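Visitor: Could you take me on a close look at a single part of this protein? I am new to structures, so please go step by step.

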Amino acid sequence: MRTYRIAAIPGDGIGKEVIPAGKHVLEALAKTADSLTFEFEDFDWGADYYRQHGVMMPADGLDALRDKDAILFGSAGDPDVPDHITLWGLRLKICQGFDQYANVRPTRILPGIDAPLKRCKPGDLDWVIVRENSEGEYSGIGGRVHQGHPIEAATDVSILTRAGVERIMRFAFRLAQSRPRKQLTVITKSNAQRHAMVMWDEVALRISKEFPDVKWDKELVDASTARMINRPGSLDTIVATNLHADILSDLAAALAGSLGIAPTGNIDPERRYPSMFEPIHGSAFDIMGKGLANPIGTFWSAVMMLEHLGESGAAKRLMRAIEAVTASPKLHTGDLGGSATTAQVTEAVCELIANSQ
Ligand code: ATP
Ligand code: MG
């Protein structure tokens, strides 16, 4: 019997709807598996907490999470609170505090989803994007001088460390090796960014020697956007810097049919700290409180969490239930062109799980 201690942080907007839905399907899974239970602890951090306390999470917040097995996170964002506060004050604090240096985003067109690439054959688009999540373009280092004057200037410093590049490359090669095609594409821009990206390429070449069974290639980030659309089947596992992967993974989510479906994991591969799983969508205030949010992105994130915890049987059962639901158009939410509610999708997944014993 294994009990997993899970921190649930709904955050803002539709995060408050999809995280309870996610807990619900995990409870349904636990009910039908003898050896699996979850102990959830909820944290009310986010923009409302900020309005009361002036911070998105308490100063000792990380200590409250430290001994959890994993974190299930909703979304942080609020029309009345500046983005840099909602982003840096909560999500990034957790990512950085727990050195979750690998951001992993599986992308696949699920059954029944009307994805925009009409030439794409089933199975063509089956990628995992690995995003460097701890340094690079989002180091937060930089500044502005002479504000308001004609000579005003500003910098954002992108820092890559050799140790940081080595660990993300090794993670990406290992992940590629674990997938059937054993194939990795390293995204670069070393033709124009002639220092850090050249080191990035050199490290990729060196780490590749540790994985002789992985086929790998290099692609410029600009060219890779065209390749994702013209030759999706030529890609499998993809590794890129923080900024490059940020852009590519939004493109990937759109190509797979909807922002509402896509999951992500912020992983500490060394397992020193809990890893954090979340849908990639934001707080979506336009549909908040109406029960219309698609909970699939959260459910798929829960699948990733179960895989990370080593519960591959439960992960497979949940994924099968998700695919059965997406295959049924009457269970599509608004973002997929349907009219189903969060509750209907959640109930359908729970029922499928109950019947899949
Ligand atoms: P944030 O500022 O936190 O990123 P946002 O308002 O930009 O939030 P996003 O989640 O990034 O919202 O998504 C943009 C739009 O896509 C939303 O306004 C919403 O209409 C739609 N959308 C996103 N996620 C979902 C979902 N899970 N279900 C249904 N629609 C969604
Ligand atoms: Mg957004």
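Guide: Here is a walk around one strand, followed by a look at its wider setting.

Keep in mind that this is a predicted model. The protein chain has eleven helices and twelve strands, and our stop is strand β12, which covers residues 275–279. Is this strand enclosed or open? Five of the five residues of β12 are buried, so the rest of the structure largely encloses the strand.

Now look at where the side chains go. In a regular strand, side chains alternate between the two faces of the sheet. You can follow that here: S275, F277 and P279 point one way from β12, while M276 and E278 point the other way. Residues pointing in both directions are buried.

Next, meet the partners. Strand β3, residues 70–75, pairs with β12 in the parallel sense over three bridges. To find this pairing on your screen, start from I71, whose bridge partner in β12 is M276. Strand β11, residues 263–267, is joined to β12 by four bridges, and these two run antiparallel. Here G265 is a good marker, with F277 as its bridge partner in β12.

For another pairing, go to the start of the chain. Strand β1 (residues 2–11) and strand β2 (residues 36–42) run parallel and are joined by seven bridges. The chain gets from β1 to β2 through helix α1, residues 15–31, in a right-handed β-α-β crossover. Within this pair, R5 stands opposite E39 in β2.

Let us step back to the interior. In soluble globular proteins, nonpolar side chains tend to be buried together. In this model, the largest nonpolar core has 90 residues, and those touching the most other members are V25, V130, A172, V239, A302 and L318. Take V239 as an example: beyond its neighbours within four places in sequence, its contacts are V130, I168, M169, A172, L184, V186 and I187.

Finally, consider the whole chain. Buried residues make up 44% of its 357 residues. Among contacts between residues at least 6 apart in sequence, 75% join residues at least 24 apart. The C-alpha trace spans about 60 × 50 × 40 Å along its principal axes. Its radius of gyration is 20 Å, which agrees with the value near 21 Å for a compact globule of 357 residues. An unreviewed UniProt entry lists residues 5–349 as "domain: Isopropylmalate dehydrogenase-like". That span is 39% helix and 22% strand, with its end C-alpha atoms 22 Å apart.

Methods: Residues are numbered from 1 along each chain as its sequence is written. Chains are lettered from A and ligands numbered from 1 in the order in which they are written. This is a predicted model: local features need pLDDT of at least 70, side-chain atom pairs count only at pLDDT 80 or more; totals for chains, interfaces and linings use all residues. UniProt positions are given in the numbering used here, feature names are shortened, and annotations may be inferred rather than shown by experiment. A nonpolar core is a set of buried Ala, Val, Leu, Ile, Met, Phe, Trp, Tyr and Cys residues joined through C-beta atoms within 7 Å. A residue is buried if 20 or more other C-beta atoms lie within 10 Å of its own, exposed if 12 or fewer, and partly exposed in between; C-beta atoms are placed from the backbone. Two residues are in contact if their C-beta atoms, placed from the backbone, lie within 7 Å. Two strands pair if DSSP finds at least two bridges between them. A crossover is right-handed if, with the strands pointing away from the viewer, the path from the first strand over the helix to the second runs clockwise. The radius of gyration is taken over C-alpha atoms; the globule rule is 2.2 Å times the number of residues to the power 0.38.
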